[in-house]
Amino acid sequence: MSERSAIKDKRRWIIKVGSALLTNDGKGLHIPAITELAEQIAFLRDKGIDVILVSSGSVAAGVTQLGMKARPVKVNELQAAAAVGQASLVRHYEDAFQPYRINIAQVLLTHSDIANRERYLNARSTLIKLLELEVLTVINENDTVATDEICFGDNDSLGALVANLVEADLLVILTDQNGLYTADPRSNPDAELLFEAQADDESLMAMASGGSKLGRGGMLTKLSAAQKASRSGASTVIANGREERVLERLYAGELLGTYLHASERVASRKQWMAGQMKISGTLHLDAGASKVLKEAGKSLLPVGVTSIDGQFKRGELVSCVDPEGNEVGRGLVNYHADEASKIIGKPSEQITEILAYGGPDELIHRDNLVVHR
Ligand SMILES: Nc1ncnc2c1ncn2[C@@H]1O[C@H](COP(=O)(O)OP(=O)(O)O)[C@@H](O)[C@H]1O
Ligand SMILES: N[C@@H](CCC(=O)OP(=O)(O)O)C(=O)O
């Protein structure tokens, strides 16, 4: 099927694995699931695919390690279990990836980290650098400081946020069901598996309900994650992580799981980003910088900026105007206004000396810049 064969061309995958898959019926982490995941991710990386893993399982691991009889109800007990379990979760990932000589990074994020523009840029630039360094990043919610996911059992939306953040092409949500059924297959044995749909098809929501005892988001959170991922152009596959070699077979175009297409009408991440935020300042460009931005799609270097207006912070959206005052584009600025005012007109090699720290060469990186054509 053509849509499935197109999966091969998706170069950046976010793979989200849920508690339901990573635990052995509540008896701690299911190590073979982690080992198999490592083998399949190593396969995808060999094919040149960038992979970031969003993994749940910390609470489930911690509950067993602490000898608790069941998943606690009190939020601070859940948080404590997550803190204990996260350490062993990552240790198991390290062990599982060691035979492939793949280094692991642990990144704990919250939704508000990504809503804050400065943290958004910091998180994005760290994750992109980790990809460049060929490290496998394992992300989980930072359950100590945020309780959204832990209470609701929803790391699915974290997967979608990461897909937006690094402009992934595909979000793969691995769970304990074969995909989205017309009704919850646990209580409806006649429910049928849906092979594909549009991510923004609201009628799907009526089919989905909450999930298991260990994770708890169920299909509802997976569908809303697919909608969020679709906003920055990523399609989503919901598939059964217990299916043998599921990732390799998805890569080969096999008809597995539910494929939720990103809507074509949806803006790319850049347009989405530019449309989302208010403008916090203006950078006045010289003629040369205006030209390379428009014609060569380059990043904006400080040397091409003659003056700035506004008290913007790092990560905020600023407007770039040419010497005639016409807007050339908009982008997320890498420096606070105070710092920017010191480095404009200067070659990037001087930034470290002027600011006494080594920031990016660009005032706005081209990945974070939307130019009007
Ligand atoms: N329409 C549906 N199709 C498939 N599964 C569904 C549906 N509605 C609810 N579910 C439930 O969602 C569960 C998976 O969600 P969850 O337990 O949160 O998993 P995870 O920990 O992988 O995020 C399934 O085990 C199933 O009981
Ligand atoms: N962050 C916590 C809770 C997240 C959670 O349960 O999500 P999920 O199982 O993916 O629906 C954990 O790792 O256990």
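Asparagine 155 is buried in this predicted model, because 27 other C-beta atoms lie within 10 Å and 20 or more are enough for a residue to count as buried. Asparagine 155 sits in the loop between H8 and helix H9 (156-165).

Let's turn to aspartate 143. Its place is the loop between strand E4 (136-141) and helix H8 (148-152). Is aspartate 143 buried or exposed? Aspartate 143 is buried, with 25 other C-beta atoms within 10 Å.

What does the UniProt record say about these residues? In an unreviewed entry, UniProt places the feature "binding site" at Ser56, Asp143 and Asn155. These three positions span 100 residues in sequence, yet no two of their C-alpha atoms are more than 10.9 Å apart, so they gather at one spot.

Now for asparagine 178, which lies in the loop between strand E5 (170-175) and strand E6 (196-198). Asparagine 178 is partly exposed, because it has 18 other C-beta atoms within 10 Å, and partly exposed residues fall between the cut-offs of 12 or fewer and 20 or more.

Here are the three asparagine and aspartate residues side by side:

| Residue | Other C-beta atoms within 10 Å | Burial |
|---|---|---|
| Aspartate 143 | 25 C-beta atoms | buried |
| Asparagine 155 | 27 C-beta atoms | buried |
| Asparagine 178 | 18 C-beta atoms | partly exposed |

Which residues does asparagine 178 touch, leaving aside its neighbours within four places in sequence? Asparagine 178 is in contact with Leu193, Asn240 and Gly257. The C-alpha atoms of asparagine 178 and glutamate 243 are separated by 8.1 Å, although these residues are 65 residues apart along the chain.

Methods:
Residues numbered from 1 in each chain as written. Chains lettered and ligands numbered in written order. Predicted model: local features only at pLDDT ≥ 70, side-chain atom pairs only at ≥ 80, totals over all residues. UniProt positions renumbered as here; feature names shortened; annotations may be inferred. Helix = DSSP H or I, 4+ residues; strand = E, 2+ residues; numbered from the N terminus. Contact = placed C-beta atoms within 7 Å.
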